[in-house]
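Biologist: Could you walk me through this protein, one question at a time? I am new to reading structures.

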Amino acid sequence: MSGCVDDEKDEEEVAAPLPQTTEVVNEEETAITLKPDLLVSQNKVGFWMYYDNHCWETADKKCSLELTPAQEMLEHARANQVKPGGEINFYLLVSPELKDFPQPDAYEVLIHKNGETTAVEVNGDKAKVPTAEGRYFMTVKAIWSGDVKGEAIYAFLLSVKEK
């Protein structure tokens, strides 16, 4: 049996355990430490997304996240090009060992354009793309409300136009 180690890494880095998804808070409760990784896609093509914030509820702490203004987060973002009126899909990416971690129970999607914020109709894990051509600053909040309770917020930029 043989193995190799990158000489540049400290011994502690090499021996560090993989990140955990939970930690014991007290005998009755464990806190989730997973940073959710949300994917937005259209026709199996993933979008450039930007993480804003997340939280997991415990008996002592409830989630109530405030959005960072999308225009601020996406000032230098790469736009995702889509056709007008299509659908986008949301999905929580998890590693194989976390395959039982639940998908979000709901999504809230907002469009931020010309100083106005508009809610987008969401059907399960799908939302409609705007029908008018233009650039749209979008935020999505993933919400867990079952056995796992929490929220995660992301932002992405859409460039809607016929190709």
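What follows is a set of questions and answers about this structure.

Modeller: Before we start, this is a predicted model, where local features need pLDDT of at least 70, side-chain atom pairs count only at pLDDT 80 or more, and totals for chains, interfaces and linings use all residues. Residues are numbered from 1 along each chain as its sequence is written, and side-chain values use heavy atoms, with hydrogens and water left out.

Biologist: Good to know! How many helices and strands does the protein have?

Modeller: Helices (H or I, at least four residues) and strands (E, at least two) are DSSP runs, numbered from the N terminus. Counted that way, the protein comes to two helices and 13 strands.

Biologist: What percentage of the residues in the protein is buried?

Modeller: Buried means under 20% relative accessible area, exposed means over 50%, and partly exposed is in between (1.4 Å probe, protein chains only). Of the 163 residues in the protein, the buried share is 36%.

Biologist: Which residue lies in the loop between strand E3 and strand E4 and has a positive phi?

Modeller: Most residues other than glycine have a negative phi. The loop runs between strand E3 (37-42) and strand E4 (45-46). The residue there is exposed, with a relative accessible area of 82%. Its phi is about 65° although it is not a glycine, and its name is Lys 44.

Biologist: Where does Asn 114 lie?

Modeller: Asn 114 also has a positive phi, about 55°, although it is not a glycine. At 69% relative accessibility, Asn 114 counts as exposed. Its place is the loop between strand E8 (106-113) and strand E9 (116-120).

Biologist: Is Ser 159 buried or exposed?

Modeller: Ser 159 lies in strand E13 (residues 149-160). Leaving aside residues up to four places away in sequence, Ser 159 touches Ala 79, Asn 80, Gln 81, Val 82, Gly 134 and Arg 135, where contact means heavy atoms within 4.5 Å. With a relative accessible area of 11%, Ser 159 is buried.

Biologist: What distance separates the C-alpha atoms of Ser 159 and Pro 84?

Modeller: Along the chain, Ser 159 and Pro 84 are 75 residues apart. In space, their C-alpha atoms are separated by 9.3 Å.

Biologist: Which residues does the disulfide join?

Modeller: A disulfide is a covalent bond between the sulfur atoms of two cysteines. Here a pair of cysteine sulfur atoms counts if they are within 2.5 Å, and a search of the whole structure finds one disulfide. Both of its cysteines are buried. The S to S distance is 2.0 Å, and the partners are Cys 55 and Cys 63.

Biologist: How many aromatic pairs are there?

Modeller: Rings of Phe, Tyr and Trp (its six-membered ring) pair if their centres lie within 6.5 Å; planes under 30 degrees apart count as stacked, over 60 as edge-to-face and the rest as tilted. Ring pairs link Trp 56, Phe 101 and Trp 144 into a cluster. In total, the count of aromatic pairs is five.

Biologist: Why is the pair of Tyr 51 and Tyr 154 called edge-to-face?

Modeller: Tyr 51 lies in strand E5 (residues 50-56) and Tyr 154 in strand E13, so their pair ties together parts that are 103 residues apart in sequence. Tyr 51 is partly exposed at 30% relative accessibility, whereas Tyr 154 is buried at 3%. The ring centres are 5.6 Å apart, and the pair is edge-to-face because the planes are at 65°.

Biologist: Which residue has its charged end over the ring of Tyr 51?

Modeller: A charge sits over a ring if NZ of Lys or CZ of Arg is within 6 Å of the ring centre and within 35 degrees of the ring normal. For the ring of Tyr 136, the charged end of Lys 113 sits 5.0 Å from the centre. For the ring of Tyr 51, the charged end is 4.1 Å from the centre and belongs to Lys 35.

Biologist: Which residue forms a salt bridge with Glu 151?

Modeller: A salt bridge is a side-chain nitrogen of Lys or Arg within 4 Å of a carboxyl oxygen of Asp or Glu. A search of the whole structure finds two salt bridges, and one of them joins Lys 126 and Asp 125 (3.4 Å, N to O). For Glu 151, the closest N and O atoms are 3.7 Å apart, and the partner is Lys 141.
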